[in-house]
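Me: I have this model open and would like a close look at one part of it, the sheet with antiparallel pairing and whatever surrounds it. Could you walk me through that region and then show me how the rest fits around it?

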Amino acid sequence: MRIGIACTLKPDGPLPPGAPDDLHEEFDSPATVKAIADVLTSLGHTVAVLGDGRALVDSLLNAPPDLVFNFAEGSGVSRSREARVPAVCEMLGVPYTGSDPFALAVALDKDATRRLAESYGLTVPKGITLAPVAGEYDGDFAEFAPILEDAGLTLPVIAKPTCEGSSKGIRGKCLITSAAEFGPAVVELWRNYRQPVLVEEYIAGDEVTIGLYGSDPPQSLGVMQIVPKQSPESFVYSLEVKRNWADAVDYIAPAKLPREVLHAIEADAMALYAGLGCRDMARLDFRVRDGVPYFLEINPLPGLNPDSGDLCYLAYRMGLTYPELVGLILDSATARCGLV
């Protein structure tokens with residue numbers, strides 16, 4: 001089978017002046033593309049790297065593959081950027097791995113996803129989404145004072161960009177513990193990421209992620225705990241932590257949680273996966289407080305870097321190799337698309 005890899009590569013060269021250091025955090029490295037290509041080639045397939053944007057469209061028009069293996073994030077700040085590749089593939093009649101444009105577009109928007117999750121019976125943290133306000137702030141943040149109270153929120157809260165992945169914009173300082181920190185934190189996120197900011201109650205508890213694969217029906221890959229090595233009472237699974245995970249956290253899978261909690265996490269994950277119409281793969285993040293899983297986000301386009309992807313970390317601890325993980329995704333897509 002001829003398989004084309006759709007991917008958004010990290011650009012070479014320095015960041016634009018004033019850009020946050022995580023501007024390209026969600027984009028993939030050539031090493032990730034090579035790792036996936038090597039697996040597909042070892043399975044007997046012919047592989048071509050399609051990239052993203054115009055280059056991908058040209059390739060699909062001129063020499064369409066039998067299947068697109070999609071993990072392209074898309075560039076810019078559009079909340080629909082992850083939906084572009086599957087939308088083009090559907091328009092041109094080219095089968096692809098992963099979820100459809102609707103699922104990817106909704107899942108990238110944390111505010112839309114939490115509303116949908118709540119409608120399916122999942123428990124979500126209390127929260128409010130704040131759209132960017134025109135103008136500059138020069139130290140007067142008085143208008144932020146009543147926002148938390150009006151929304152029924154009490155400190156601490158956590159602030160994050162609504163439409164980013166790979167923990168972009170989520171730093172330790174996003175945990176806001178005083179009223180004086182609130183306005184400046186939100187404004188900084190507005191400036192850096194040019195999108196609304198989701199502010200949620202901080203759920204003190206176990207950080208967990210669950211991987212699902214397949215489509216009809218999906219299967220659980222397992223639940224993994226992310227256990228901080230210090231300061232568990234104020235732990236944020238931030239970008240700083242992910243960049244230095246070996247010193248900051250332990251990854252434990254299967255998660256050491258009560259059976260009924262694990263069942264609740266799996267049931268919630270399955271409900272939202274089905275509700276969004278996810279396919280082939282996804283990873284969902286929760287916080288568990290007093291035995292109750294609080295849904296944080298779903299990623300139907302999870303990172304597949306063999307050395308830094310949470311889905312990969314989970315797979316390894318559940319006894320799978322990297323080729324086996326990629327194979328599960330491929331097998332689900334080919335069966336779903338009638339390519340076997």
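Reply: Happy to! Let's start with a pair of strands: strand 5 and strand 7 run antiparallel and are joined by 5 bridges. In that pairing, Pro-161 stands opposite Val-197 of strand 7. Please keep in mind that this is a predicted model.

Now widen the view. Strands 5 and 7 belong to an open sheet of 4 strands in the order 4-7-5-6, with antiparallel pairing. Its edges are strand 4 (127–130) and strand 6 (175–176), each of which pairs on one side only. Two helices pack on this sheet. Helix 5, residues 110–119, touches strand 4, strand 5 and strand 7, and its direction makes about 45° with that of strand 7. Helix 7, residues 179–193, touches strand 4, strand 5, strand 6 and strand 7, with its direction at about 145° to that of strand 7.

From here the largest pocket is a natural next stop. It holds about 950 Å³ of space, and 50 residues line it. Gly-165, Ser-166, Ser-167, Lys-242 and Arg-283 are the lining residues that lie nearest its centre. Strand 5 (157–161) and strand 7 (197–201) are among the elements that give two or more residues to this lining, along with helix 4 (101–108), helix 8 (239–243), strand 11 (280–289) and strand 12 (292–299). The largest share, 4 residues, comes from strand 12. By residue type, the lining divides into 20 nonpolar, 10 polar and 20 charged.

Strand 12 deserves a pause. Of its 8 residues, 7 are buried, so strand 12 is largely enclosed by the rest of the structure. Its partner is strand 11: the two pair in the antiparallel sense over 7 bridges, with Leu-284 standing opposite Ile-298 of strand 12. Together strand 11 and strand 12 form a hairpin with 2 residues between them, and Asp-290 in the turn has a positive phi of about 55°.

Arg-289 is a good residue to click on here, as it lies in strand 11. Arg-289 counts as partly exposed because its relative accessibility is 23%, and buried would mean under 20%. Leaving aside neighbours within four places in sequence, Arg-289 is in contact with Glu-201, Tyr-202, Ile-203, Ala-204 and Tyr-294. One of these contacts leads back to where we began, since Glu-201 is a contact of Arg-289 and strand 7 spans 197–201. Arg-289 and Asp-206 are 83 residues apart in sequence, yet their C-alpha atoms are 6.9 Å apart in space.

Helix 4, another contributor to the pocket lining, is mostly covered, with 6 of its 8 residues buried. Those buried residues are Pro-101, Ala-103, Leu-104, Val-106, Ala-107 and Leu-108. Their cover includes helix 5 and strand 12, both met above, as well as strand 3 (67–70), helix 3 (84–92) and helix 10 (259–276).

Helix 3 offers a residue to compare with Arg-289. Glu-90 lies in helix 3 and is partly exposed, with a relative accessible area of 45%. Not counting residues up to four places away in sequence, Glu-90 touches Tyr-96, Asp-100 and Pro-101. Pro-101 is one of the buried residues of helix 4. The C-alpha atoms of Glu-90 and Asp-100, 10 residues apart along the chain, are separated by 8.7 Å.

Strand 3, also part of that cover, takes us to one more sheet. It is an open sheet of 3 strands in the order 2-1-3, with parallel pairing. Strand 2 (46–51) and strand 3 are its edges, each pairing on one side only. On average, neighbouring strands here are turned by 30° against each other, direction ignored. Strand 1, residues 2–6, is joined to strand 3 by 4 bridges and to strand 2 by 5 bridges, running parallel to strand 3 and to strand 2. For landmarks, Ile-3 stands opposite Leu-67 in strand 3, while Gly-4 has Ala-48 of strand 2 as its bridge partner. Strand 1 is mostly covered, with 4 of its 5 residues buried. Helix 2, residues 53–62, lies across strand 1, strand 2 and strand 3, running at about 135° to strand 2.

Methods
Residues are numbered from 1 along each chain as its sequence is written. This is a predicted model: local features need pLDDT of at least 70, side-chain atom pairs count only at pLDDT 80 or more; totals for chains, interfaces and linings use all residues. Side-chain values use heavy atoms; hydrogens and water are left out. On a 1 Å grid over the protein atoms alone, a cavity is a set of points where a 1.4 Å probe fits but cannot get out, and a pocket is an open set with protein on both sides within 12 Å along at least five of seven lines; lining residues have an atom within 4 Å of a point. Grid points are joined across faces, edges and corners, and a volume is the space filled by probe spheres set on the points. Ala, Val, Leu, Ile, Met, Phe, Trp, Tyr, Cys and Pro count as nonpolar, Asp, Glu, Lys and Arg as charged, and the others, Gly among them, as polar. Buried means under 20% relative accessible area, exposed over 50%, partly exposed in between (1.4 Å probe, protein chains only). Contact means heavy atoms within 4.5 Å. Two strands pair if DSSP finds at least two bridges between them. Axes are lines fitted to C-alpha atoms, for helices over the stretch in contact, and angles run from 0 to 180 degrees between N-to-C directions.
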